[in-house]
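Let's walk through this structure together, starting with one pairing of side chains and working outward to the whole chain. Keep the view open as you read.

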Amino acid sequence: QASSAAGSVRNAGERVGQGAQDIAKSAQDTTQRVSDWTSKQADSANQCIRSAGTTAASEMERAGEAAGRKAD
């Protein structure tokens, strides 16, 4: 009976250990998804900023050319 009880305790311990591993894996997956999402948002923001910078530069260039034509 003692060995049966010891076996039950061991099985319970293994299940708890497996549960803890599952929780750790799930947390790791969630962290990875958050990290991926965050870097995707940063990429989008950077693209947007680069695009705005390019647009502003070409607008200034056009304004400069127009001012140059007026001066002529």
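This is a predicted model, and a good place to begin is a pair of residues in helix H1: glutamate 59 and arginine 62 sit three residues apart there, a separation of about one helical turn. Their side chains meet in a salt bridge, with 2.6 Å from N to O. In general, side chains of opposite charge can pair when their charged atoms come close. Take a look at how accessible the two partners are. Glutamate 59 has a relative accessible area of 42%, so it counts as partly exposed. Arginine 62, at 46% relative accessibility, is partly exposed as well.

How many salt bridges does the structure hold? There are two, so let's move along the helix to the other pair. Here aspartate 29 joins lysine 25 in a salt bridge whose closest N and O atoms lie 2.9 Å apart. These two residues are four apart in helix H1, which runs over residues 2–71, and that again means a separation of about one helical turn. Aspartate 29 is partly exposed, its relative accessible area being 30%. Lysine 25 is also partly exposed, with a relative accessibility of 46%.

Now for a residue with its side chain further out in the open. Arginine 50 is located in helix H1 too. Its relative accessible area is 55%, and because the cut-off for exposed is over 50%, arginine 50 counts as exposed. You can also use arginine 50 as a ruler along the helix: its C-alpha atom is separated by 21 Å from that of glycine 64, which lies 14 residues away along the chain.

With these local views in hand, zoom out to the whole protein. What does its secondary structure consist of? One helix and zero strands. The C-alpha trace spans about 105 × 5 × 5 Å along its principal axes. The radius of gyration tells a matching story: the protein has 31 Å, whereas a compact globule of 72 residues would have a value near 11 Å.

Finally, consider the surface and the charges. Buried residues account for 1% of the 72 residues. The accessible surface comes to about 6200 Å², and carbon and sulfur atoms contribute 57% of that area. As for charge, the protein carries 9 positive and 9 negative charges, and the mean positions of the two sets are 6 Å apart.

Methods. Residues are numbered from 1 along each chain as its sequence is written. This is a predicted model: local features need pLDDT of at least 70, side-chain atom pairs count only at pLDDT 80 or more; totals for chains, interfaces and linings use all residues. Side-chain values use heavy atoms; hydrogens and water are left out. A salt bridge is a side-chain nitrogen of Lys or Arg within 4 Å of a carboxyl oxygen of Asp or Glu. Buried means under 20% relative accessible area, exposed over 50%, partly exposed in between (1.4 Å probe, protein chains only). The radius of gyration is taken over C-alpha atoms; the globule rule is 2.2 Å times the number of residues to the power 0.38. Accessible areas come from the Shrake-Rupley method with a 1.4 Å probe; for residues, only the protein chains shown count as cover. Lys and Arg count as positive and Asp and Glu as negative; His and the chain ends are not counted. The place of a charge is taken as NZ of Lys, CZ of Arg, CG of Asp or CD of Glu.
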